Structure formats: structure tokens, C-alpha cells
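Student: I have a structure open and I do not know how to read it. Can we go through it feature by feature?

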Amino acid sequence: MDSCTVGWICALPLEMAAARAVLDEDRGRPLEQAVSDRYNYRLGRIGEHDVLIACLPAGVYGTTSAASVAVQMLASFPSIRIGLMVGIGGGVPSEEINLRLGDVVETAKKHPRMQQEFCRSPGAENDQLFEADYVHPPENKTCASCDSTKLKDRPARAVDGPQVHYGLIASANQVMKDGLTRDRLAKELGVICFEMEAAGLMDHFPCLVVRGICDYADSHKNKH
């Protein structure tokens, strides 16, 4: 375990499954783990790096929970030197950043490791952006009955497939699901993505934050 230098934290079991899918070698559960450590871990290798993946308990989210798992991970596995927080987030579409579902947002500048074959778009038919002030009717389970006249007309992108964007990610203990608030904070702070865990990590586990865009941080959310 002394060779494990990369700690990768996920909030959801589905995100952990995706993390394990990109490992070059999946080594399963670690043999050594403190009795008091209740978190779920998986060991693996990416290139020359030994990686420890941790997941928050099912149904537990937010900055406080992320801080707890980071503190416990470092206590149980003190050899970790590099931190990753990887999962889904709500994107901020704008004229400056032509962001789409399936794109990836990172907090760091460009680097060569990102491989776009691991990213996937849900397809144009499932990628709808509504006007910021149009709220999803609470009685509708999906957006099938939403007012199509409120959809924004967006030009096709020059390059097919998901793109990688670099910028500021906002973090809080609640889901961003309001288009007007999203746009106001984006204008005031330059935010291009919203998520719920990273702020809890920075005092204990400084890390690179990587988020796949699953919605537009408004009320029109789905599980697709």
C-alpha cells in the first residue's frame, strides 16, 4: 500500500464504477484498512500510478461528507500524494463556452492525460437547453411535456463529441437547479460548473476536480 500515491474520490457508486472502468488494472479491495474506516475502497493502476478509489456512503452527499472521506483516506493510506475528485456536475452554457451534456470541466489548465474516448454525449435529441427563466413543471416527471418554444436554439459545434473545458467550479451543500441563479453567479464569479463536494476537500485534500456535465444546473434534470 506504500506505493499508492493517487487518491480518487467519488460521490456516487455509479461514479466509482466508471472510475474502475478506466483503470488499466483493477486490483479489487485493499487488504489493509483500519477497523474504524467504514468507507468503500478499490485499488487499481493507471499507467505507472497506483490508484486508490474511494466512494461516499450510499445516499450521503455534500462538502462535509467529502471532507470526512478525505480525512479517513489519508489516515488509512498516508502514502497518497495526489488527489482527484471526479464525478458529475451541472454546466453553465454561454456564448463564450459552447458547453454541452457529456462535456468535461476541470479546474486545471490543459494537460495531456485526458482521453476523450472515455467521455460520451447523450446525443442531440437528449440535450435540451431551456430559457433560464422557464421552470420545469413540478408535475412532469420528464421534459417530454415541457414547452418546446422555450428551448434555446444553439448552433452545431465544429467538432463532434464531448469537449474538455477548464475553469472555475462552484461547490455547495445543495444542488444548483435554477437557471437564473446559475446565470447570475456565472456572470458575477465566472463559474462554468456547479457541484456538491469539492469545497469540503480543499482544506484536507487539495485535489484536481473533474466533472462530467449531466445537466445545465437548472430545474430540467434527468437521469439519462
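Tutor: We will go from the overall layout to single residues. Keep in mind that this is a predicted model.

Student: Let us start with the layout. How many helices and strands are in the protein chain?

Tutor: Count the elements, then read their order. The protein chain has three helices and ten strands. From the N terminus on, the order is β-α-β-β-β-α-β-β-β-β-α-β-β.

Student: What percentage of the residues is buried?

Tutor: The protein chain has 224 residues, and 45% of them are buried. Contacts tell you about the fold too. Take the contacts with a separation of 6 or more: 72% of them are between residues 24 or more positions apart.

Student: Now a helix. Which residues of helix α1 are buried?

Tutor: Helix α1 covers residues 13–21, and its buried residues are E15, M16 and A19. Next, look down the helix axis. The buried residues of α1 fall within an arc of 100°, so they line one face of the helix. Now turn to the face away from that buried side: it carries the exposed residues L14 and A21.

Student: What do the buried residues of α1 pack against?

Tutor: They pack against strands: β1 (4–10), β3, β4 (49–55), β5 and β10 (208–215).

Student: Next, the cores. How many residues does the largest nonpolar core have?

Tutor: That core has 30 residues. I9, L52, M73, L201 and F205 have the most contacts inside it. Then ask which elements build the core. Those giving two or more residues are β1, β3, β4, α2, β9 (191–195) and β10. Helix α2 gives the largest share, four residues.

Student: Where does this core lie relative to the domains?

Tutor: Check which domains contribute. Domain 1 (6–80) and domain 2 (88–215) both give residues to this core, so it lies between them. There is also a second, separate core of 15 residues, which includes V6, W8, V51 and C55.

Student: Can we zoom in on one core residue? Where is M73 placed?

Tutor: M73 is in helix α2. Its relative accessible area is 0%, so M73 is buried. Now list its partners, leaving aside neighbours within four places in sequence. M73 is in contact with G7, W8, I9, Y41, L52, A54, I80 and F205. Compare sequence with space as well. M73 and W8 are 65 residues apart in sequence, and their C-alpha atoms are 9.8 Å apart.

Student: And what does L52 touch?

Tutor: Again, skip residues up to four places away in sequence. L52 touches C4, V6, G7, W8, P30, Y41, R42, L43, M73, F77 and I80.

Student: Now the rings. How many aromatic pairs are there?

Tutor: A search of the whole structure finds two. For each pair, read the distance between ring centres, then the angle between planes. Y41 and F77 have ring centres 5.0 Å apart and planes at 75°, so this pair is edge-to-face: the angle is over 60 degrees. The pair links distant parts of the chain, 36 residues apart. Y41 is in strand β3 (residues 40–46), while F77 is in the loop between α2 (63–76) and β5 (82–91).

Student: Are these two rings buried or exposed?

Tutor: Y41 is buried, at 0% relative accessible area. F77 is buried too, at 2%.

Student: What is the other pair?

Tutor: The other pair is F130 and Y134, and it is tilted. The centres are 5.6 Å apart, with 40° between the planes. Both F130 and Y134 are buried.

Student: How many disulfides are there?

Tutor: Start with the idea. A disulfide is a covalent bond between the sulfur atoms of two cysteines. Here the count is zero.

Student: Why is C143 not bonded to C146?

Tutor: Check the distance against the cut-off: the sulfurs must lie within 2.5 Å. The sulfur of C143 is 3.9 Å from that of C146, its closest cysteine sulfur, so it is too far for a bond. C143 is buried, with a relative accessible area of 19%. C207 also counts as buried, at 13%.

Student: One last residue. Is S94 buried or exposed?

Tutor: S94 falls in between: at 32% relative accessibility, it counts as partly exposed. S94 lies in the loop between β5 and β6 (104–106). S94 and A186 are 92 residues apart in sequence, yet 9.3 Å apart in space, C-alpha to C-alpha.

How values were computed
Residues numbered from 1 in each chain as written. Predicted model: local features only at pLDDT ≥ 70, side-chain atom pairs only at ≥ 80, totals over all residues. Heavy atoms only, no water. Phe/Tyr/Trp six-rings, centres within 6.5 Å; stacked < 30°, edge-to-face > 60°. Buried < 20%, exposed > 50% of the residue type's maximum accessible area, 1.4 Å probe, protein only. Arc of directions from axis to C-beta. Contact = heavy atoms within 4.5 Å. Core = buried A, V, L, I, M, F, W, Y, C linked by side-chain atoms within 4.5 Å. Domains from an automatic or database assignment.
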